[in-house]
Amino acid sequence: MKQTTHPPDHLSAPVRHGADTTAPPPAPARIRRRPTSPQWAAWAFLTPVTLYLALFYAYPLYRNLDLSLRNYTVRSFVQGNAPFTGIENYRTVLDDPTFAPALLHTALFTAVCLVFQYAIGLALAVFFSQHFRLSATLRALFLVPWLLPLIVSASTWSWMLNSESGVVNAVLHALGIAPVNWLTSPSWSLTSVIIANIWIGVPFNLVVLHSGLQSIPASLYEAASLDGAGAWQRFWRITFPLLRPVSAITLLLGLIYTLKVFDIIWIMTKGGPADSSTTFATWSYQLGFGNLLPAFGPGAAVGNLLVVAALVFGLIYLKVQRKQALS
């Protein structure tokens with residue numbers, strides 16, 4: 001009889017479990033990738049902003065500075081061979097008889113507009129922070145002057161202040177007051193453009209200051225009321241001090257905007273009559289584009305004076321903010 005031999009027990013298990021007879025292939029080694037450098041990512045995000053600032057801010061400022069340092073004419077402006085004159089254009093501007101009145105008008109226009117825009121905007125912001133019925137609707141209506149194109153606002157004020165058919169003189173006549181030559185009198189032309197610009201700038205102050213008021217905790221007002229503080233005391237002791245950072249940036253932005261206001265003045269009075277409402281912005285335009293023989297160099301020099309003024313106030317703002325942060 002044939003005997004059947006059986007494999008040993010230690011060999012029978014692999015035969016019964018064929019899946020275990022072959023060892024699994026080793027896993028391929030993973031290639032480690034070097035992490036992307038954060039510096040390259042930062043440059044990738046900064047590139048669009050840098051190009052935008054270089055093309056639309058740095059290059060125009062450089063061109064304006066170059067214009068103010070050369071004797072450009074229409075021919076040399078096209079051909080690009082204007083001779084270098086240094087600060088001669090700035091001397092021409094300083095010696096011009098229009099410089100002193102334009103400087104005074106620019107200072108008055110900017111200061112009066114800033115004071116009234118901020119004061120009226122702050123009063124309206126405090127008023128609308130009471131959250132009464134229709135407060136949101138009325139606040140939205142106050143934004144209309146800010147949303148309108150400047151040419152529409154200036155044309156509307158020119159019609160309202162017209163000496164013969166204006167609605168303002170019609171109201172004055174109904175009240176028994178003699179009509180005023182708002183736009184054609186040297187005594188009233190600057191006042192007219194100031195009134196129009198205040199009306200346009202109040203909504204911006206209202207929006208920014210109202211948003212700043214929302215960040216003041218209501219518990220401070222409740223505690224002050226319990227201590228017996230009146231409305232005026234709560235405003236001077238709580239609202240005004242805590243609103244100081246927002247007020248600073250509001251005044252700075254309003255200052256920069258008001259310094260370069262051109263549309264309102266040019267549409268309403270064109271800087272006249274007899275340069276009575278001429279500011280640096282309108283004077284720069286008149287020198288560069290308002291004559292048959294444009295003076296590009298002096299016009300650019302006046303524009304650079306506005307840039308320097310805005311830069312000085314910006315640096316003052318940064319210095320004040322730094323002192324407040326350290327204190």
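In this predicted model, a nonpolar patch on the surface is formed by L134, L138, L141, F142, V144, L148, I151, V152 and W199. Together these residues present about 770 Å² of accessible area. Two helices, α6 (residues 135-141) and α8 (residues 150-160), each contribute at least two residues to the patch. One of the patch members, L141, belongs to helix α6. The relative accessibility of L141 is 53%, so this leucine is classed as exposed, the cut-off for that class being over 50%.

The fold around this patch is helical: the protein chain contains 16 helices and 0 strands. Of its 327 residues, 33% are buried. The chain exposes about 21,700 Å², and 68% of that area is supplied by carbon and sulfur atoms. Among contacts with a separation of 6 or more, 65% link residues that stand 24 or more positions apart.

The model also contains a pocket that can be described in some detail. The largest pocket has a volume of about 740 Å³. Its lining comprises 25 residues, and those nearest the pocket centre are N64, G303, N304, L306 and V307. Two or more lining residues come from each of α2 (38-68), α13 (244-259), α15 (280-289) and α16 (296-326). Helix α16 provides the largest share of the lining, with 10 residues.

Two individual positions illustrate contacts between parts of the chain. T110 is located in helix α5, which spans residues 99-128. With a relative accessibility of 6%, T110 is buried, because that class requires a value under 20%. Once residues up to four places away in sequence are set aside, T110 touches L255, T258 and L259. K270, by contrast, is found in a loop, namely the one between α14 (263-268) and α15. Beyond its neighbours within four places in sequence, K270 is in contact with I265 and Q286. Its C-alpha atom is separated by 7.5 Å from that of T282, a residue 12 positions away along the chain.

Charged side chains form 3 salt bridges, listed below with their N to O distances.

| Salt bridge | N to O distance |
|---|---|
| R63 and D66 | 3.5 Å |
| R70 and D66 | 2.8 Å |
| R91 and E88 | 3.9 Å |

The pair R91 and E88 lies in helix α4 (residues 88-95), where a spacing of 3 residues places the two about one helical turn apart. Both are partly exposed: R91 has a relative accessible area of 47%, and E88 has a relative accessibility of 39%. Elsewhere, R63, D66 and R70 are joined into one network by salt bridges that share partners. Within this network, D66 pairs with R63 and also with R70. D66 and R63 both lie in helix α2, and because they are 3 residues apart there, about one helical turn separates them.

The members of the network are not equally accessible. D66 is buried, at a relative accessible area of 12%. R63 is partly exposed, with 26%, and R70 is likewise partly exposed, with 25%. The network therefore brings together a buried aspartate and two partly exposed arginines.

Conventions. Residues are numbered from 1 along each chain as its sequence is written. This is a predicted model: local features need pLDDT of at least 70, side-chain atom pairs count only at pLDDT 80 or more; totals for chains, interfaces and linings use all residues. Side-chain values use heavy atoms; hydrogens and water are left out. Patches are made of residues with over 30% relative accessible area and no salt bridge: like charges are joined within 9 Å, nonpolar side chains (Val, Leu, Ile, Met, Phe, Trp, Tyr) within 5 Å. Accessible areas come from the Shrake-Rupley method with a 1.4 Å probe; for residues, only the protein chains shown count as cover. A salt bridge is a side-chain nitrogen of Lys or Arg within 4 Å of a carboxyl oxygen of Asp or Glu. Helices (H or I, at least four residues) and strands (E, at least two) are DSSP runs, numbered from the N terminus. Buried means under 20% relative accessible area, exposed over 50%, partly exposed in between (1.4 Å probe, protein chains only). Contact means heavy atoms within 4.5 Å. On a 1 Å grid over the protein atoms alone, a cavity is a set of points where a 1.4 Å probe fits but cannot get out, and a pocket is an open set with protein on both sides within 12 Å along at least five of seven lines; lining residues have an atom within 4 Å of a point. Grid points are joined across faces, edges and corners, and a volume is the space filled by probe spheres set on the points.
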